[in-house]
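Here are some exercises to try with the structure open beside you. Have a go at each task before you read its solution.

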Amino acid sequence: MGHAKEGVAFAPLNIAVLTVSDTRTFETDTSGDTLETLLTAAGHHCTERKIVPDDIYQLRAAVSHWIACESTQIILVTGGTGFTTRDSTPEALTPLFDKHVEGYGELFRTLSYEEIGTSTIQSRAVAGIANRKVIFCMPGSPKACKTAWTRIIEEQLDARHRPCNFVEMVLPHAQTACGSRS
């Protein structure tokens, strides 16, 4: 298990939230609400929220904008990770990744198994890095968003978490717990 390094300050990040849905509105987007509530409670900033239909090109356009945006460090995407005909988040976004965060999907499904059993194999949660931005894609339920945030993402976006975290990559001048692992 990781732990916090003393003497390292928390570094708030700018996080964009994208909900992939053909039917949700801002009034009914409980998954986006969940992510915004959790990330702001942790001390980060929700810089923008969007809802886009489950369309490969609209997904790529929205995420590409944030990848190119200098002030955005993290992109959270909820929805479109299943196997229905319209689910296309992995197909839309993985071509944008410079690097894949292979362990994220594996860990998400392991943790999700504790909650929903074998139905977790129907989640195609993925993560990657593009232009020094970390992109986490998770299923579209509030419970899945909470699992992803509280059990994986939150620690990885905390500069104090060691032995390593993503803050040093997205904020190269920030002091983090990475580096010496002693």
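**Before you start**

Let's warm up with arginine 49: at 16% relative accessibility, arginine 49 counts as buried (buried means under 20% relative accessible area, exposed over 50%, partly exposed in between, with a 1.4 Å probe and protein chains only). This is a predicted model, so local features need pLDDT of at least 70 and side-chain atom pairs count only at pLDDT 80 or more, while totals for chains, interfaces and linings use all residues. Residues are numbered from 1 along each chain as its sequence is written, and side-chain values use heavy atoms, leaving out hydrogens and water.

**Exercise 1. Find the salt-bridge partner of arginine 49, and say where the two residues lie.**

Step 1. Use the rule: a salt bridge is a side-chain nitrogen of Lys or Arg within 4 Å of a carboxyl oxygen of Asp or Glu. The side chain of arginine 49 meets that of aspartate 29 at 2.7 Å, N to O.

Step 2. Place them: aspartate 29 sits in the loop between β2 and α1 and arginine 49 in strand β3, so the pair ties together parts that are 20 residues apart in sequence. (Helices, H or I with at least four residues, and strands, E with at least two, are DSSP runs numbered from the N terminus.)

Step 3. Check aspartate 29: with a relative accessible area of 0%, aspartate 29 is buried.

**Exercise 2. Look at the salt bridge between arginine 124 and glutamate 91: how far apart are the closest N and O atoms?**

Step 1. In this salt bridge, the closest N and O atoms of arginine 124 and glutamate 91 are 2.6 Å apart.

Step 2. The pair links distant parts of the chain, 33 residues apart: arginine 124 is in the loop between α4 (102-116) and β6, and glutamate 91 is in helix α3.

Step 3. Now compare with the cut-offs. Arginine 124 is buried, at 17%; glutamate 91 counts as partly exposed, at 36% relative accessibility.

Step 4. One more thing to spot: salt bridges that share partners join Arg24, Asp29, Asp33, Glu36 and Arg49 into one network.

**Exercise 3. Work out what span helix α2 should have, and which of its residues are buried.**

Step 1. Helix α2 covers residues 56-68, which is 13 residues. The expected span is 1.5 Å times one less than the number of residues, so α2 should span 18 Å, and its end C-alpha atoms are indeed 18 Å apart.

Step 2. Leu59, Ala62, Val63, Trp66 and Ile67 are the buried ones in α2. They cover an arc of only 140 degrees around the axis, which puts them on the same side of α2 (the arc is that of the directions from the helix axis to the C-beta atoms).

Step 3. Turn to the other side of α2 and you'll find Tyr57 and Ala68 exposed.

**Exercise 4. Is strand β6 enclosed or open, and which strands pair with it?**

Step 1. Count: 5 of the 5 residues of β6 are buried, so β6 is largely enclosed by the rest of the structure.

Step 2. Check both faces. Val126, Gly128 and Ala130 are buried on one side, and Ala127 and Ile129 on the other.

Step 3. Find the partners (two strands pair if DSSP finds at least two bridges between them). Strand β5 (residues 99-100) pairs antiparallel with β6 over 2 bridges, and 5 bridges join β6 to β7, also antiparallel.

Step 4. Pick out single bridges: lysine 99 has isoleucine 129 of β6 as its partner, and valine 126 stands opposite cysteine 137 in β7.
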